[in-house]
Amino acid sequence: MEMARTGVDHGIAIREANLADIDGIVEIEQGAFPDPYPKGLLKSFLYMPGAYLVATDGGTVIGYAIGIIRHRTTGHLVSVAVSTSHRRSGVGKALLEEALARLAVAGAKRFVLEVRESNAPAIGLYRKFGFVDMEKIEGYYADGESAIVMELSGSSGSRT
Ligand SMILES: CC(C)(COP(=O)(O)OP(=O)(O)OC[C@H]1O[C@@H](n2cnc3c(N)ncnc32)[C@H](O)[C@@H]1OP(=O)(O)O)[C@@H](O)C(=O)NCCC(=O)NCCS
C-alpha cells in the first residue's frame with residue numbers, strides 16, 4: 001500500500017478486512033445505501049476469492065471495498081463505501097486502487113461493476129480509474145432505478 005500516492009491523510013490505513021470489522025462495515029453500509037446488504041451477506045464475502053478491504057482511522061472502520069473473482073479472470077467490484085464524515089479526502093480512491101491491484105494479483109484481467117445511474121460521485125470515481133459505460137440495465141435495483149454496467153480492461157491503475 002502506498003498512501004502517499006493516494007493523498008489519504010496520516011492515521012488512515014487500508015488493510016484486509018476480517019470478521020471483527022463486520023459491525024463497522026455494516027454501519028457504513030447502512031449509512032451509504034438505501035438498500036443495504038444484510039450483515040450475513042457482507043460477512044460471506046470474507047470467504048470468497050478476491051479483495052475485501054477496510055479503511056480505518058485510528059482503528060475505526062471508515063470505509064470498505066469488496067471485489068470478488070468471477071470466472072477466473074473477471075474482477076467484480078461488489079461494493080465500495082466511505083463514511084459520510086470521511087468522504088472527499090481520497091479514501092474511496094485509495095480503497096478502489098488497492099482492491100483493483102489485489103484482484104489483478106488474484107487473476108483479474110478485466111473489472112466490472114454496476115452502479116446506480118444517479119450515483120454521480122461513484123461514477124466519477126470509477127471514470128477516474130478508466131472504467132467505461134458498457135450497458136444500462138433498466139430497473140436493476142429494487143426501487144426501480146437503472147444500473148450502469150461499467151468495465152475496465154487491461155489496467156488497474158488510476159489515470160490521474
Ligand atoms: C463513491 C464514494 C465511495 C467515493 O468515496 P470518497 O472517499 O468520497 O471519494 P474520493 O475522495 O476518493 O474521490 C475520488 C474521486 O471520486 C469522484 N468523486 C467523489 N465524490 C464525488 C462527488 N460527490 N461528486 C463528484 N465526484 C465525486 C471524484 O472524481 C474524486 O476525485 P477528486 O476528489 O480528485 O475530484 C462515496 O461517495 C460513497 O461512499 N458513496 C456512497 C456509497 C456508494 O454509492 N458507493 C458506490 C456504489 S456502486
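# Exercises on a predicted structure

With 16 C-beta neighbours inside 10 Å, Arg-110 counts as partly exposed. The model under study is a predicted one, and the exercises below begin with this residue.

## Exercise 1: The setting of Arg-110

Determine in which strand Arg-110 has its place, on which face of that strand it lies, and which residues it contacts.

*Solution.*

Step 1. Arg-110 belongs to strand 5, which covers residues 110-116.

Step 2. The exposure class follows from the neighbour count: a buried residue has 20 or more C-beta neighbours within 10 Å and an exposed one 12 or fewer. Arg-110 has 16, so it is partly exposed.

Step 3. Side chains in a regular strand alternate between the two faces of the sheet. In strand 5, Phe-111, Leu-113 and Val-115 form the covered face, whereas Arg-110, Val-112, Glu-114 and Arg-116 form the uncovered one.

Step 4. When neighbours within four places in sequence are set aside, the contacts of Arg-110 are Thr-73, Thr-74, Glu-151, Leu-152 and Ser-153. Thr-74 is also the residue that stands opposite Arg-110.

Step 5. Leu-100 lies 10 residues from Arg-110 along the chain, and their C-alpha atoms are 9.6 Å apart.

## Exercise 2: Strand pairing

State whether strands 4 and 5 run parallel or antiparallel, and do likewise for strands 5 and 7 and for strands 6 and 7.

*Solution.*

Step 1. Strand 4 and strand 5 run parallel and are joined by 3 bridges.

Step 2. Strand 5 and strand 7 run antiparallel, with 7 bridges between them. In this pairing, Val-112 stands opposite Glu-151 of strand 7.

Step 3. Strand 6 and strand 7 (residues 147-153) are antiparallel as well, over 5 bridges. Within strand 7, Ile-148 is the bridge partner of Lys-136, and Ala-147 is that of Ile-137.

Step 4. The faces of strand 7 can now be listed. Ile-148, Met-150 and Leu-152 are on its covered face, while Ala-147, Val-149, Glu-151 and Ser-153 are on its uncovered face.

## Exercise 3: An enclosed helix and an open strand

Decide whether helix 4 is largely enclosed or largely open, and whether strand 6 is largely enclosed or in the open.

*Solution.*

Step 1. Helix 4 spans residues 91-105, 15 residues in all, and reaches 21 Å from its first C-alpha to its last, close to the expected 21 Å.

Step 2. Of these 15 residues, 12 are buried, so helix 4 is largely enclosed by the rest of the structure. Among the buried ones are Val-91, Gly-92, Lys-93, Leu-95, Leu-100 and Leu-103.

Step 3. In strand 6 (residues 132-137), the number of buried residues is 0 out of 6, so this strand lies largely in the open.

Step 4. Gly-107 follows helix 4, and its phi is positive, near 115°.

## Exercise 4: Positive phi outside glycine

Give the location of His-71 and of Arg-88, and classify His-71 and Arg-88 as buried or exposed.

*Solution.*

Step 1. His-71 is a residue other than glycine with a positive phi, near 50°. It occurs in the loop between strand 3 and strand 4. Its 8 C-beta neighbours inside 10 Å make His-71 exposed.

Step 2. Arg-88, again not a glycine, has a positive phi near 65°. Arg-88 sits in the loop between strand 4 and helix 4. With 8 C-beta neighbours inside 10 Å, Arg-88 counts as exposed.

## Exercise 5: The shell around the ligand

Identify the elements that each supply at least two residues of the shell around the ligand, and give the shell's composition by class.

*Solution.*

Step 1. The ligand has 20 residues around it, of which Arg-87, Gly-92, Lys-93, Pro-121 and Gly-124 come nearest.

Step 2. The elements sought are strand 4 (74-82), helix 4 and helix 5 (120-128). Helix 5 provides the largest share, 6 residues.

Step 3. By class, the shell has 10 nonpolar, 6 polar and 4 charged residues.

## Exercise 6: The whole protein

Describe the order of the elements and compare the radius of gyration with that of a compact globule.

*Solution.*

Step 1. The protein has 5 helices and 7 strands. From the N terminus on, they run α-β-α-α-β-β-β-α-β-α-β-β.

Step 2. A compact globule of 160 residues would have a radius of gyration near 15 Å; the protein has 15 Å, so the two agree. Along the principal axes, the C-alpha atoms fill a box of roughly 40 × 35 × 30 Å.

Step 3. Of the 160 residues, 33% count as buried. Among contacts between residues at least 6 apart in sequence, 62% join residues at least 24 apart.

Key. Residues numbered from 1 in each chain as written. Predicted model: local features only at pLDDT ≥ 70, side-chain atom pairs only at ≥ 80, totals over all residues. Helix = DSSP H or I, 4+ residues; strand = E, 2+ residues; numbered from the N terminus. Expected span 1.5 Å × (residues − 1). Contact = placed C-beta atoms within 7 Å. Near = placed C-beta within 6 Å. Nonpolar A, V, L, I, M, F, W, Y, C, P; charged D, E, K, R; others polar. Pairing = 2+ DSSP bridges. Rg over C-alpha atoms; globule rule 2.2 N^0.38 Å.
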